[in-house]
Amino acid sequence: MKRIIISFLLGAYCISGQSQLVDIVGPAPTAKQMKWHEMEFYLFMHFGPNTFTDLEWGKGTEDPTVFNPTALDCRQWARIARDAGAKGIIITAKHHDGFCLWPSRYSDHTVRESPWKNGKGNVLRELAEACDDYGVKFGIYISPWDRNHPDYGTEEYNDIYVKTMRELLRGYGDIFELWWDGANGEGPNGKKQEYDFPRFQRTARRFADEAVIFSDIGPDIRWVGNEKGIAGTTNWNLLDTAGFQRGHGAPPVDTLNRGNVNGKSWIPAECDVSIRPGWFYHPNEDSAVKSGLDLMKLYLTSVGRGANLLLNVPPDRRGLIHPADSASLMAFKELRESNFRTNLAQRAKVTVSSSRAGYLPALLVDGFRFSHWAPLKTETSCWIEIEMDQEKEFNTIMLQEYIEAGQRIEEFTVEVWDDTKFVPLTSGTTVGYKRILQFPRQTAGKIRVNIVKSKASPVIGEIQLFNCDEF
Ligand code: FUL
């Protein structure tokens, strides 16, 4: 019944004035970038010879027979991802050591040369199928740096990389994200490679146009500038890439961390971070797995700052996710659910400084980001008062812009009603897809959000209030 009512309301909403999109200001996300924003959290998996040799960067000279997981089960990986609320898995199809987790025609350093399943196995096939079965999206990391391939360091290698991409992008169903690592070291001949990224990009678009491409500078998703899971408190989805390159020629890390306020392209940040100290599995790190609480803190510094969280959970030597890692993932899921279960502002009374025709203030507290409100077009500052039916205890606010119309908010403050007047509670700069702020616990019935500065009149999808643990 609830579903029917929601569909009816959404239908009514779509045929109302809001079906005409608000004007777009500045660069805006493409449809596939929007789908990516909505994913928020997904897993990274580093797996390969390094898992067995205890290395982080294999040399490429490892004997492929070291790769021999005893109980590999990609269904376990996908099931754990799904149960943890992760929306996808990105696997290191090929890391810097050049070893391919599928029997590539363009390499002789692959699972085919390993004893696993008598050389007949294919990790990518198993994982793509498992992801499909569990409703988890599938993504691939293909390291351009290859310390094994004999052609590395010559123009032929660019052909090899293109063919390798084609093989992967055509053979395993839809790919949600293609991950290009910035590392570029020497190959087996001691030579470095001049990567033909324009050609690589054309290949990716041709064979997997549904995929967003990640690298230091996009084109679709950018590196956040650190491997700690921390986006800038100011985080623009915009970036200027002219004159910059991947790897050594990348923009300064603080630019990647914060983006450019007037950047020419929509290239949002992704926070890649590992649940363990290393990217690959090392038995001596079993006791150093981040706890559910640690992951919750990372969630607030990544997703809570408008970026996505790509959390690395490396399978172990059996080819399974270690119980310490899955326990943390489940604790993380439980913390997210219990803390964000009750939105205290849901269907509260909303009063605003002005509304654009057809944009109802109630849409700010209806539980949907997509339905949005905007003040008069001329107003680049405005206020929103949210009055609950009674005094409540709360310490966390969540704001979301309707970024389909561009990212606009530059500065906001939040105030709380102390029975006689509004007093300052917290403040922030950018909002973007999602901004979560914690503050000392309050007991009050009313708050006010002031949009102090905005590049154009703000378009806001949702404001929610919670009474969370302190993270
Ligand atoms: C880095 C790589 O060098 C690491 O090995 C790892 O894959 C990390 C995600 O990216 O650039």
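Which residues in H9 meet which residues in H10? The close-ups below, all taken from a predicted model, start with that pair and then move on to other spots.

**Figure 1. Helix H9 meets helix H10.** Here we look at H9, residues 292-301, packed against H10, residues 323-339. From H9, the residues that take part are Gly292, Leu293, Leu295, Met296 and Tyr299, and they meet Ser328, Leu329, Ala331, Phe332, Leu335 and Arg336 in H10. Sort the residues of this contact by type and you get 8 nonpolar, 2 polar and 1 charged. The two axes are 8 Å apart and make an angle of about 55°. That angle falls neither under 35 degrees nor in the 65 to 115 range, so H9 and H10 count as oblique to each other. As for handedness, H9 passes H10 in a right-handed crossing.

**Figure 2. Helix H6 alongside helix H7.** Now for another pair: H6 covers residues 155-171 and H7 covers residues 197-207. Their axes come within 10 Å and cross at roughly 15°. Angles under 35 degrees count as roughly parallel, which is why H6 and H7 get that description. The crossing of H6 past H7 is right-handed. On the H6 side, the contact is made by Glu155, Asn158, Asp159, Tyr161, Val162, Met165, Arg166, Leu169 and Arg170. H7 brings in Arg199, Phe200, Thr203, Ala204 and Phe207. By type, the residues of this contact split into 7 nonpolar, 2 polar and 5 charged.

**Figure 3. Residues around the ligand.** What sits around the ligand? You'll find Phe44, His46, Trp57, His95, His96, Tyr141, Trp179, Asp181, Glu227, Asp272 and Trp279 there. Take a look at some individual distances. Histidine 46 has a polar side-chain atom 2.7 Å from an oxygen atom of the ligand. For histidine 96, an N or O atom in the side chain is 2.9 Å from a ligand oxygen. Tyrosine 141 places a polar side-chain atom 3.0 Å from an oxygen atom of the ligand.

**Figure 4. Asparagine 260 in its loop.** This loop runs between helix H8 (253-258) and strand S8 (265-266). A polar atom of the asparagine 260 side chain lies 2.8 Å from the backbone nitrogen of aspartate 240. Which residues does asparagine 260 touch, once its neighbours within four places in sequence are left aside? They are Trp236, Leu238, Leu239, Asp240 and Thr255.

**Figure 5. A cis peptide bond at proline 219.** Most residues other than glycine have a negative phi, and most peptide bonds are trans. The bond from glycine 218 to proline 219, though, is cis, with omega near 25°. Proline 219 belongs to the loop between strand S5 (212-215) and strand S6 (221-223).

**Figure 6. Lysine 117 and its positive phi.** Lysine 117 isn't a glycine, yet its phi is positive, near 50°. You can spot lysine 117 in the loop that links strand S2 (88-94) and helix H5 (123-134).

Notes. Residues are numbered from 1 along each chain as its sequence is written. This is a predicted model: local features need pLDDT of at least 70, side-chain atom pairs count only at pLDDT 80 or more; totals for chains, interfaces and linings use all residues. Side-chain values use heavy atoms; hydrogens and water are left out. Axes are lines fitted to C-alpha atoms, for helices over the stretch in contact, and angles run from 0 to 180 degrees between N-to-C directions. Helices (H or I, at least four residues) and strands (E, at least two) are DSSP runs, numbered from the N terminus. Angles under 35 degrees count as roughly parallel, over 145 as roughly antiparallel, 65 to 115 as roughly perpendicular and the rest as oblique. A crossing is left-handed if the near helix is turned anticlockwise from the far one by less than a right angle, and right-handed if clockwise. Contact means heavy atoms within 4.5 Å. Ala, Val, Leu, Ile, Met, Phe, Trp, Tyr, Cys and Pro count as nonpolar, Asp, Glu, Lys and Arg as charged, and the others, Gly among them, as polar. A polar contact is a pair of N or O atoms within 3.5 Å; within protein, one must be able to donate a hydrogen and the other to accept it, and residues adjacent in sequence count only if both atoms are side-chain atoms. A residue is near a molecule or strand if one of its heavy atoms lies within 4 Å of it.
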